[in-house]
Amino acid sequence: AEAVLATGSLTAPAALGSYSLEISNGFANALDALQPTGFWKVKEAQLASQTALTVVVVDCFAQTYCTGKVNSQGCVATIDPVGMASLSGAGTLTLTLTDVINRQFGLFLYARAEAQVPLYGGTLCVGSPFTRLLEPTRSGGVGAAGMTCGGRFERTIDAAFLNANGMLLGETIFCQWLYRDRFQPDMTTVGMSNAVRFTVCP
């Protein structure tokens, strides 16, 4: 029968990366059979099999990068990340974009690569190929549409979102919003946020 011969704990390395732990020079004794004399026979325990333990050390906090585009009302839409993206549901990452032109359509972009490419008078901060998700509702806010920076968008990056979009443990994902800005002086009618990167955690 199987038995636990040893237990313990370890401290994960500080440097990010993937580490493999293997048994080295494994040795133990086991009680084999009760002898007529009343003593137990002792024999060497043999390892039937061993499997390396893989430990992945990742940074579970999201970070912003890149520069958003100044919109027609003089604001720069900015992402505020809170929490962490967890495959097991241990945490949830909430991305909130504020200072968006009010009552407008938006697109949420994500990719597995970073970029800083000039586009629509701003900067495309996610690499190619990227996925576009249409925001289900407009940016909200009060006043005449397109006339204030009172709009916002929000995305919840939870286990369901990660699994539905094929995001795997340890992957780094890059995200950005584009939105309609019909009074943009450069005539592109496009507003662009800064960007955020996050790592998919256990």
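This report describes the fold, the sheet around strand β12, the nonpolar cores and several loop residues of a predicted model.

**Overall composition**

The protein chain contains one helix and 14 strands. Of its 202 residues, 34% are buried. Among contacts with a separation of 6 or more, 68% join residues that are 24 or more positions apart. The chain exposes about 11900 Å², and carbon and sulfur atoms supply 56% of that area.

**The three-stranded sheet**

Strands β6, β7 and β12 form an open sheet in the order β6-β7-β12, with antiparallel pairing. Strands β6 (78-83) and β12 stand at the edges with a single partner strand each, so one side of each has no neighbour in the sheet. From one strand to the next, the twist averages 15°.

Strand β7 spans residues 93-100 and pairs with β12 in the antiparallel sense over six bridges. In this pairing, Leu 95 is placed opposite Arg 155 of β12. The pairing of β6 with β7 is likewise antiparallel, over six bridges, and here Thr 78 faces Thr 98 of β7.

Which residues of β12 point to the buried face? Along this strand, residues 151-157, the side chains alternate: Gly 151, Phe 153, Arg 155 and Ile 157 point to one face and are buried. Arg 152, Glu 154 and Thr 156 point to the other face and are not buried. Arg 155, the residue opposite Leu 95, therefore belongs to the buried set, that is, those with under 20% relative accessible area.

**Nonpolar cores**

In soluble globular proteins, nonpolar side chains tend to be buried together. The largest nonpolar core of this model has 23 residues, and those with the most contacts inside it are Leu 95, Ile 157, Met 167, Cys 175 and Phe 198. At least two residues of this core come from each of β7, β8 (106-111), β12, α1 (159-164), β13 (172-180) and β14 (190-199). Another core, of twelve residues, lies apart from it; Cys 66, Leu 109, Leu 178 and Ala 195 are among its members.

Met 167 can serve as an example from the 23-residue core. Leaving aside residues up to four places away in sequence, Met 167 touches Leu 87, Tyr 110, Arg 112, Phe 161, Leu 162, Ile 173, Phe 198 and Val 200.

**Loop residues**

Met 147 is located in the loop between β11 (130-134) and β12. With residues up to four places away in sequence not counted, Met 147 touches Gln 73, Asn 102 and Phe 183. The C-alpha atoms of Met 147 and Asp 181 are 9.4 Å apart, while the two residues are 34 residues apart in sequence.

The relative accessibility of three loop residues is set out below.

| Residue | Relative accessibility | Class |
|---|---|---|
| Met 147 | 43% | partly exposed |
| Tyr 120 | 41% | partly exposed |
| Met 187 | 70% | exposed |

Tyr 120 is situated in the loop between β9 (114-119) and β10. Although Tyr 120 is not a glycine, its phi is positive, at about 50°. Met 187, in the loop between β13 and β14, is not a glycine either, and its phi is positive at about 70°.

Where does the chain carry a cis peptide bond? The bond from Ser 128 to Pro 129 is cis, with omega near 0°. Pro 129 belongs to the loop between β10 (122-126) and β11.

Methods:
Residues numbered from 1 in each chain as written. Predicted model: local features only at pLDDT ≥ 70, side-chain atom pairs only at ≥ 80, totals over all residues. Heavy atoms only, no water. Buried < 20%, exposed > 50% of the residue type's maximum accessible area, 1.4 Å probe, protein only. Helix = DSSP H or I, 4+ residues; strand = E, 2+ residues; numbered from the N terminus. Pairing = 2+ DSSP bridges. Contact = heavy atoms within 4.5 Å. Areas by Shrake-Rupley, 256 points an atom, 1.4 Å probe, with all protein chains shown as cover. Core = buried A, V, L, I, M, F, W, Y, C linked by side-chain atoms within 4.5 Å. Axes fitted to C-alpha atoms, helices over the stretch in contact; angles between N-to-C directions.
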